[in-house]
Every structure is written in structure tokens, then in C-alpha cells.
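Colleague: Please take a close look at a single part of this model, beginning with one charged pair. A connected account of that pair and its surroundings would be welcome.

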Amino acid sequence: MKVGVIGLGSMGMGAALSLLRAGHEVTGCDMRASARDEFAAAGGGVAATGAELPQGTEAVVVLVVNAAQTEAALFGEGGAAPRLAPGAVIVSSATMGPDAARALADKAQERQLLFLDAPVSGGAVKARSGEMTVMASGSAAAFGAAEPVLGAIATKVWHLGEEPGIGATVKVVHQLLAGVHIAVAAEAMALGIRAGADPQALYDVVTSAAGNSWMFENRMARVLTGDDAPRSAVDIFVKDLGLVTEMARSLNFPVPLASQAQQLFTAARAIGQGGKDDGFVIRVWQAMTGIKLPGE
């Protein structure tokens, strides 16, 4: 297929490379020259904006930060929609609220384009190996058109229903868990350090016992080495936990743990850590208690 990938960040680059390996004709779109150069070096086509995608592109995967960026990338000035073939499929994979996903689906339908509400999970490593999880909802026609793309980027594709917005809802709930798990992992590690436990020993015990979580094991491993290069940044969870609280507020549903976790990520951003790996929300406790982190 002739496929565009808009947003060559950690997840988008992985998706684009996976599509390229699968034999598709892929154009990666990103405003950053460094990202375009990396993808071009791998053999892909590149563009700075969606308006530069090849005419007749049959599918476009949008892996930008949020709903506003998705709308601009597709339907704004310099957007990709005019470059898409009639009946092409949009695979909308940015994390957003369900109302935003439904609004984008309506815009696509107005232009006779198929739309799959398809947020993803798995992290940068699984994105590069084509092993993401996709939480998707949309029409049978949209799933059918997107199948070659999904087969290249994911090992698990959840069919969650025919209505756009269901995929977004499930991803928002997933991000509630992910954000709270990261925050509590950092709190636990910080408490152990403050109490005098050896950080590596603490990590080894927790990851072999019932208190472990995927987020503790993954994120605290990077804290142990001081590796704060962002695979998923603190700022992402300021945004995503905000989506959790917005959706909950619309349903008159209390989410006290998600709200507290969002405040911790907001505090991390306030002390200059917004662009760091999200596990380094632990620096909030460092700032409050003066603990010394491993590798620092």
C-alpha cells in the first residue's frame, strides 16, 4: 500500500519502519529535519507536512501528540486529506478523548474517507519491532482497509466496536492505570531510598514479588541508571491524565487516584522535568526530601 505516517516520534518512527519492512511504500511526515533524515536513511520517503504526501495515498497513520494536532495534520492548512485517495483509511492513533475521536470521524466521513479510532500502546521498542497493541473501533470497511497497516505495526489488534470513540475511551482508561502505576512506582522507590534501602536490591525484590508492575519494572530500571532520555515524557502524562479527569468529570465519576497522579506529573513539569522520561516524576520526591537518586 501507499502509506503515510504523520509524526515520526518514538512511536511513529517505529510504525513507519515496521511498515517499510513489510514492503509498503511509506512516506514519513514530520516537521523535524532530524526525524526525516533518519527515516530517509532507512529507505523511506519523507515530507515535512501532510500536504506533501504522495497523491493517492491509500492509508495514513497519525501518531502525533493530541486531537488538535491530529485535526491540523489531516484537515488543517497543509493537511493530508486532499492527498488521500477516495476511500482511503485514516488510522488515528494519538491519545485523545472520545468526543474528539468522534468529531474527527465525522470530518473524515464528510470527505468520503474511512476512519479508524485506533490508539496504540507498547512503547518505542515494540513500535520498532512491529509489536504494538492497537485498541480500535470503526466500521468493518475501515478495519478491512487498515488491515495491511495494522498487520505490519501490531501483534494485537482489539476490535472494540463499530463506533469511533470506543477505542479512545479504552485508551484513556488504560492511561489512568499507566499514569498511576508510574507515579506509585516512583513513590515506592523514593520512599525506599529515603529509608536507606539499597535501590538495586529494592528493585530486585519488588520485581520478583507480588508488588511488581510492568511500569515499576520498566521505568525504575531507567531510574537506577539515571537514564532520563524520554521514551514517553512526563508531559505526556500531564496531558493524558488530564483526559482521564475530563472524561470522568463529564460522567460525574470520581477519579481521586488519577487526579493525584496528574498533580505529581504537573509538579515534575513545574520543576523543569516535563521533557524527561516519565519515570523521573521521582524527582518530585527528590526535590521535596533531598534524596540522592542512583546514577546522579
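**A charged pair and its surroundings**

Modeller: Arg269 forms a salt bridge with Asp235, the closest N and O atoms being 3.8 Å apart; the term requires a side-chain nitrogen of Lys or Arg within 4 Å of a carboxyl oxygen of Asp or Glu. Arg269 belongs to helix 11 and Asp235 to helix 10, so the bridge ties together parts that are 34 residues apart in sequence. Helices here are DSSP runs of H or I, at least four residues long, numbered from the N terminus. The model is predicted: local features need pLDDT of at least 70 and side-chain atom pairs count only at pLDDT 80 or more, whereas totals for chains, interfaces and linings use all residues. Residues are numbered from 1 along each chain as its sequence is written, and side-chain values use heavy atoms, with hydrogens and water left out.

Both partners are partly exposed: Arg269 has a relative accessible area of 43%, and Asp235 stands at 30%. With a 1.4 Å probe and protein chains only, buried means under 20%, exposed over 50%, and partly exposed in between.

Helix 10 (234-250) and helix 11 (256-270) also each supply at least two residues to the largest nonpolar core, as do helices 7, 8, 9 and 12. Such a core is a set of buried Ala, Val, Leu, Ile, Met, Phe, Trp, Tyr and Cys residues joined through side-chain atoms within 4.5 Å. This one has 38 residues, of which Met189, Met220, Phe265, Val281 and Ile282 touch the most other members. Helix 7 gives the largest share, ten residues. Leaving aside residues up to four places away in sequence, Val281 touches Ile182, Ala183, Ala186, Val234, Leu264, Phe265 and Ala268, a contact being heavy atoms within 4.5 Å. Another core, of 32 residues, lies apart from the largest one, and Ala59, Val91, Ala146 and Leu150 are among its members.

Helix 12 (283-289), a further contributor to the largest core, takes part in a second charged pair. Arg283 and Glu296 meet there in a salt bridge at 2.4 Å, N to O. Arg283 lies in helix 12 and Glu296 in the segment after helix 12, 13 residues apart. Arg283 counts as buried at 11% relative accessibility, while Glu296, at 36%, is partly exposed. Through shared partners, salt bridges join Asp228, Lys276, Arg283 and Glu296 into one network.

In total, the structure holds 13 salt bridges.
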